[in-house]
Amino acid sequence: MIGVTGSTGQLGSRIVAQLTSVPLRLIVRDPARAPSVPGASVAQAAYGEHAALLSALDGVDVLMLLSATESADRVALHKATVDAAVAAGVQRIVYTSFVGAAPGATFTFARDHWHTEEHIRSTGVDFTFLRDNMYLDFVPGFVGSDDVIRGPAGDGRVAAVARDDVAAVAARVLTGSGHNGATYDLTGPSAFTLAEAAAVLTAAWGRKVRYEAETLDEAYRSRESYGAAPWEVAGWVTSYAAIASGEMGNVSTAVADITGREPIGLEEYVGRG
Ligand SMILES: NC(=O)c1ccc[n+]([C@@H]2O[C@H](COP(=O)([O-])OP(=O)(O)OC[C@H]3O[C@@H](n4cnc5c(N)ncnc54)[C@H](OP(=O)(O)O)[C@@H]3O)[C@@H](O)[C@H]2O)c1
């Protein structure tokens, strides 16, 4: 039995849509919002809720653990969820991590992923880590209302990957063999600068979109007014800084290797409307 968390979200819903012919358990916070998947059972549990997770994971062999929405205590929630999975008898955990996950990663949220990966390793459970690049789906949303992309990304490149491709990989890794202990960088087919992204969006939308590189200071100051917590602002700003540093620029062949087809690039993504 495959258990999947986060199926009410953008990525998880895409994953479960591809898991129609396997025993499936959707582990959700709100069963009323669980996607409709023929034959799947639904169980209610949030990350960190030990007793609810033990019950929800009963009989689950392989767990697709989606990383939680960013929060100050996300690593603790992940660790507690992993512990519950191991206690419930889960044999393998497939976890959505982030490229360049490391304790000193420029992108502060990628540090969370490293700590979670390390915790999963420490339990001795079988695992596969899907280290996603930035979702390609977010790139059009970088454009402000004045048609300018602003961020401290310098001239760095980002090998953004579509959620659809991450989901296709996840479905194959969950149902296939030979992935135990593997860490896959999931990227798009190429890495582009934000100036190049602006040019692609200009062509697709028929209006001029441009990129203005900010300094780190400018980036923090321009986001001060949003009223977000400092850890959250740091996550937003450092996602661009990690593009500048080159930590998001490597292109991998993992999507094509695992799914048998090339990943979607930015032109194709925006061309789909
Ligand atoms: N690679 C990237 O560019 C990138 C960007 C943003 C986020 N991410 C990470 O990738 C994950 C999946 O992305 P997405 O686009 O599918 O996000 P999403 O649409 O916001 O979905 C997040 C899913 O995780 C569930 N979830 C979040 N926190 C939870 C908790 N504490 N306990 C139980 N369930 C929880 C949500 O459940 P509810 O419906 O109940 O809220 C939802 O189903 C995100 O959660 C985030 O960690 C990656």
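**Stop 1: the cavity**

The largest cavity in this predicted model has a volume of about 40 Å³. One cavity of 30 Å³ or more is present in the structure. To display its lining, select Phe 98, Val 99, Gly 100, Ala 105, Phe 107, Ala 110, Ala 242, Glu 247 and Met 248. Seven of these lining residues are nonpolar, one is polar and one is charged. Glu 247 is the charged one, because Glu counts as charged. Gly 100 is the polar one, because Gly counts as polar.

**Stop 2: an aromatic cluster**

Keep Phe 98 and Phe 107 selected, since both belong to the cavity lining. Now add Phe 109 and Trp 231. Ring pairs join Phe 98, Phe 107, Phe 109 and Trp 231 into a cluster. Next, select Arg 74. Arg 74 sits over the face of Phe 109, 5.7 Å from the ring centre.

**Stop 3: Phe 142 and Tyr 240**

The structure holds eight aromatic pairs. For one of them, select Phe 142 and Tyr 240. Their rings are 5.4 Å apart centre to centre, with 45° between the planes, and the pair is tilted. Which parts does the pair tie together? Phe 142 is in the loop between strand E6 (126-132) and strand E7 (148-151), while Tyr 240 is in helix H8 (residues 230-244), so the pair connects parts 98 residues apart in sequence.

Are the two residues buried or exposed? Phe 142 is buried, at a relative accessible area of 15%. Tyr 240 is buried as well, at 8%. Both count as buried because the cut-off is under 20% relative accessible area.

**Stop 4: Tyr 226 and Trp 236**

Stay with helix H8 and select Trp 236, then add Tyr 226. The ring centres of Tyr 226 and Trp 236 lie 5.8 Å apart and the planes meet at 55°, so this pair is tilted. Tyr 226 belongs to the loop between helix H7 (216-222) and H8, and Trp 236 to helix H8. The two residues are ten apart, and the pair links distant parts of the chain.

Check the accessibility of each partner. Tyr 226 is exposed, at 54% relative accessibility. Trp 236 is partly exposed, at 29%.

**Stop 5: Thr 238**

Finish in helix H8, where Thr 238 lies. Thr 238 is buried, with 8% relative accessibility. What does its side chain reach? Select Ala 234: the side chain of Thr 238 comes to the backbone oxygen of Ala 234 at 2.6 Å.

Definitions and conventions. Residues numbered from 1 in each chain as written. Predicted model: local features only at pLDDT ≥ 70, side-chain atom pairs only at ≥ 80, totals over all residues. Heavy atoms only, no water. 1 Å grid on protein atoms, 1.4 Å probe; cavity = no way out; pocket = protein on both sides within 12 Å on 5 of 7 lines; lining within 4 Å. Points joined across faces, edges and corners; volume = space filled by probe spheres on them. Phe/Tyr/Trp six-rings, centres within 6.5 Å; stacked < 30°, edge-to-face > 60°. Helix = DSSP H or I, 4+ residues; strand = E, 2+ residues; numbered from the N terminus. Buried < 20%, exposed > 50% of the residue type's maximum accessible area, 1.4 Å probe, protein only. Lys NZ or Arg CZ within 6 Å of the ring centre and 35° of its normal. Polar contact = N/O pair within 3.5 Å; in protein donor to acceptor, adjacent residues only side chain to side chain.
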